[in-house]
Structures are given as structure tokens and as C-alpha cells.
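This report looks at one pocket and one sheet. Please keep the sequence and the 3D view open while reading.

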Amino acid sequence: MDNFEEYEDPVLYDIENSWTGELDLLLELLEGRRGPVIDLACGTGRLAIPLAEKGFEVTGVDIHKGMLGRAAEKAKGLPIKWICGDIRTMDLKLRSELIYMSGNSFQHFLANQDQSRLMEAVVKHLDESGLFIFDTRFPSAEELLQPEQEEYWKTFTGKSGEEIKVSTISKYDGISQIQHYQTIRRSNLEETVKNIFLRYTYPQEMERLLERCRLEIVHVYGGWDKRALTARSESLVYVCRIDGGA
């Protein structure tokens, strides 16, 4: 698990990824629930911090020390427990009524064994009446079969107020189901190129994975706003519970 070039600058990552659109659904799922909430691949605390500010007990787990350092700095004394470690082998010695993993972090688990070990770790920490929610990009033809050439993506404002234009070059391996992205960021200060590898998982493939790991699908959405899943969706959002649970 060394696929971390995109996270080398946690401050810039925060600036570029400030969206918290998952929060409404998380709060809806937390209604009436107590006890610890577990944020997997928590990064810089984009969601853990606002949940803690609303009074929830949150444990954030991430393998990247730099991202966790930034999270702790931002948390400003909030009672959040930050754990640096591999989600696949974590043993937090607690069970949660809500475990979540956002930001398409599931796509970092590139091999079938990695995906299975992730889900087994989730089941180990999920209360019998609890829910696990996570997202992943929808493997549409439009998403995967992009031309292998630079394409403009977006523009945002950097740490010094500079305009940063972002473009990507992607290449998909249909055998491994892994997309290699090069992300180019250009400003009047510098140009950087970062690489990332992301696994794409098809809906029926996901159903089999979850079933084998004793997770029952409660809902599948096409986004965190609970929109219906269609063949043109950009995202898959799964709400699961332990098979046979309450």
C-alpha cells in the first residue's frame, strides 16, 4: 500500500478537496445511534472533525502519517482518536454502530485479497445492529475508456492564492481493472505530476464480495444525496449491515 503520491501535501489536498457532501447522509444514519463512529481512510479529518463537533465520538484510521498529522492539527483538541495503521489488519478493540469510508478510498484496495481483508476488518468492528457505508466510482465506459491524452479537469486556488489548473491522463488495464491516472497541476509557481492507481469494481462483483464477507446490502445509491443508481451514475454508494443483523 504505497500508492500515496496524491497525498504528499496534506494542506494542498485539503484546499482541493473541501467538499463534505457525505455529511447529511452520515448524520441521517447516525440518528438514534450511540457509541463510537469509525472513519476509515479518514485522511485529514474532512468528515471526522465535523462529526466530532456535533458531539459524536469518532475514531479515525489512516495509513498516511502526514494526512493524520494534518487532521490532528485541524482538530484543535476535539476528542477524536487518530490511529495510524493498515485498515486491513486493524484491531481497535471496539465495535461501532456506524463505520464509513468516503472519498472513493475503496479503490485503493487493488487486489481481490485486499478488498476481502478490508471487509473482514469492517465486520470485526461492526456492531450487530450497525451500518457500514462506503463509496466507489461507477465503472462506466465513459469513465474507463477515456483517451490516453491530457484532458482538463478543474481549476482551484492554491495555498498562496495562485490559480491551479488540473488536468489528467488516464490509462485503463481491463485485466486488472486498474486505472492509472497522472494528475498534472499547473500554476505560475510550479508544475507537478502525480500518479495514482485505482481499482474499479462492478456492481455484481461488489455484491459477491460483500456476500462472501457476511455483509448484506441495505441500500445502493448513485450518490451521497441518495439519488437512484442508473447506468449513467458516476458513483456507487453502499449501505450495508452484517448479514442476519438487526
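The sections below describe a predicted model, taking the sheet before the pocket.

## The sheet

Four strands make up an open sheet, and their order across it is β6-β7-β8-β9. The pairing in this sheet is antiparallel. At the edges are β6, which covers residues 151-157, and β9, each paired on one side only. From one strand to the next, the twist averages 25°.

In general, strands of a sheet pair through backbone hydrogen bonds, and the pairing can be parallel or antiparallel.

## The pair β8 and β9

β8 spans residues 178-186 and β9 spans residues 191-199. These two strands run antiparallel and are joined by 9 bridges. One of the residues to look for is R186, whose bridge partner in β9 is E191.

## The second largest pocket

The second largest pocket holds about 310 Å³ of space. Its lining consists of 20 residues, and those closest to the centre of the pocket are D9, L12, R185, E190 and T192.

Which elements each supply at least two residues of this lining? They are α1 (10-16), β8 and β9, so the pair of strands described above returns here. α1 gives the largest share, with 3 residues.

## Character of the lining

Sorted by type, the lining of the second largest pocket has 11 charged residues, 5 nonpolar residues and 4 polar residues. Among the residues closest to the pocket centre are R185 and E190.

Definitions and conventions: Residues are numbered from 1 along each chain as its sequence is written. This is a predicted model: local features need pLDDT of at least 70, side-chain atom pairs count only at pLDDT 80 or more; totals for chains, interfaces and linings use all residues. Side-chain values use heavy atoms; hydrogens and water are left out. On a 1 Å grid over the protein atoms alone, a cavity is a set of points where a 1.4 Å probe fits but cannot get out, and a pocket is an open set with protein on both sides within 12 Å along at least five of seven lines; lining residues have an atom within 4 Å of a point. Grid points are joined across faces, edges and corners, and a volume is the space filled by probe spheres set on the points. Ala, Val, Leu, Ile, Met, Phe, Trp, Tyr, Cys and Pro count as nonpolar, Asp, Glu, Lys and Arg as charged, and the others, Gly among them, as polar. Two strands pair if DSSP finds at least two bridges between them. Axes are lines fitted to C-alpha atoms, for helices over the stretch in contact, and angles run from 0 to 180 degrees between N-to-C directions.
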